[in-house]
Amino acid sequence: EKGEGRSLLIRILEIFVNKFSSLKKEIPLVIQEANKFKDLFTLDPTNMNTYPHNTTAPHPAVNTNTSNNSALQISGAGIRSSNTTVQNKSGQMEVDEKENKDKEKEGEGGNSGSSSTTAVEPGMEHKARKALAKRRKDAARAIAKVKDCRKLVQTLIHGLKNIVWGISSCNPAYRRLAPGALPPGVNPSAAGVTLPTPQTKRMSSDESMIFTRLLKSGLKCFSIYSEGPSPSPQEEKEMLDHFAAVYTMVEPRIFHDVFQLQMNFLFNQMLANPAALTIPQHFVANPVVSRGFAEILLSFLMKRIRDLCSSDKNTSNVLLRLFKLVFGSVTLFTDN
């Protein structure tokens, strides 16, 4: 039964890896959709008069024309009645007739403009509000997709830790033995009974390839934390720590095979996303895999030591940090 349980865990692990493979294709599309609404993320959703800078909706400044137009109407009426001399309590004040005529022309022009725009403004304002409301709904859906993807990645990584721990701690698989294969001291009448075979606990080459696929697909899913709206570097670092912990629970042979062949891929991911440096940091600080990973990493770095003088500052900075990690592992563990 335990042998069947181990086989079932391997199948579940493969399903999780396939899910990461699907997510790495979907996440860039989710980020691209969310980035279309970056101009709306800082707006107050309760203020419908606030428009983003890059939208096609008409600017609501036309709303202020109504008050100005009404003021112009009042001033126009006052101007038309002010062609004569106006008296107040302090005395008699003469109004310059030329200035009045100029103001009257401006007032009449404003009134005529207001009569032509007031008929259009209510419709334009309604369309603008409606367009903005639609964009905000679309933005809310895009943000919800980003949050769902982050939650899904988090759930998959936590599930991976439990699955791999179950595989590594599972009892050896069982198989049926032929009469000639019975150990000494076992009654031949017991031929066909099931006995444990410790050598079957090791993963096959096909099963170990699952962890290679997991590394290549899983690392590309972490862009959901660093790109798009509301990046979450702290959450990304935490999930990368959990992701690295998965590989500390596998067999040393599998760990060596995966990172010996995929070190260049891991390095490229660190260039694209500096947060991926969390993975080598986790490995060199882990007493189980520190020595093996330090040997793999140092061998890789010595082949690229000339890149320290590269004009690409990003490459040289990442290499320097990796050298620092290797040397720091010696101070942590004397066996290194």
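The paragraphs below lead through the structure from its overall make-up to a few chosen parts.

The model shown here is predicted, and its protein chain contains eleven helices and four strands. Of the 336 residues in this chain, buried residues make up 37%, while the chain exposes about 19800 Å², of which carbon and sulfur atoms supply 55%. If one takes the contacts in the protein chain with a separation of 6 or more, 75% of them are accounted for by residues 24 or more positions apart.

Since the model is predicted, it is worth asking where confidence is lowest and where it is highest. The mean pLDDT of the protein chain is 74, and 65% of its residues reach 70 or more. Confidence is lowest in strand E3, residues 174-176, with a mean of 40, and highest in helix H9, residues 278-284, with a mean of 95. Over residues 171-184 the pLDDT is below 50, and the model gives this stretch 33 contacts beyond near neighbours in sequence. The pLDDT also stays under 50 over residues 43-96, for which the model has 62 contacts beyond four places in sequence.

We can now turn to the interior. In soluble globular proteins, nonpolar side chains tend to be buried together. The largest nonpolar core of this model has 66 residues, among which Tyr247 and Phe259 touch the most other members. Helix H4, which covers residues 121-169, gives the most to this core, with twelve residues. Leaving aside neighbours within four places in sequence, Phe259 is in contact with Leu215, Tyr247, Leu266, Phe283, Phe293 and Ile296.

Helix H11, residues 313-332, offers a view of a single element. This helix has 20 residues and reaches 28 Å from its first C-alpha to its last, close to the 28 Å expected at 1.5 Å a residue. At its N-terminal end H11 is capped by Asp312, a side-chain oxygen of which lies 3.1 Å from the backbone nitrogen of Asn314. Several residues of H11 are buried, including Val318, Leu319, Leu322, Phe323 and Val326, and the buried residues of this helix pack against helix H8 (252-272), H9 and helix H10 (290-303).

A last stop is Arg213, which is found in helix H5, residues 205-218. Arg213 has a relative accessible area of 29%, so this residue counts as partly exposed. Although Arg213 and Val17 are 196 residues apart in sequence, their C-alpha atoms are 6.9 Å apart in space. Apart from neighbours within four places in sequence, Arg213 is in contact with Glu14, Val17, Asn18 and Gly218.

Note on methods: Residues are numbered from 1 along each chain as its sequence is written. This is a predicted model: local features need pLDDT of at least 70, side-chain atom pairs count only at pLDDT 80 or more; totals for chains, interfaces and linings use all residues. Side-chain values use heavy atoms; hydrogens and water are left out. Helices (H or I, at least four residues) and strands (E, at least two) are DSSP runs, numbered from the N terminus. Buried means under 20% relative accessible area, exposed over 50%, partly exposed in between (1.4 Å probe, protein chains only). Contact means heavy atoms within 4.5 Å. Accessible areas come from the Shrake-Rupley method with a 1.4 Å probe; for residues, only the protein chains shown count as cover. A nonpolar core is a set of buried Ala, Val, Leu, Ile, Met, Phe, Trp, Tyr and Cys residues joined through side-chain atoms within 4.5 Å. pLDDT is the predictor's confidence in each residue, from 0 to 100. The expected span of a helix is 1.5 Å times one less than its number of residues. A polar contact is a pair of N or O atoms within 3.5 Å; within protein, one must be able to donate a hydrogen and the other to accept it, and residues adjacent in sequence count only if both atoms are side-chain atoms.
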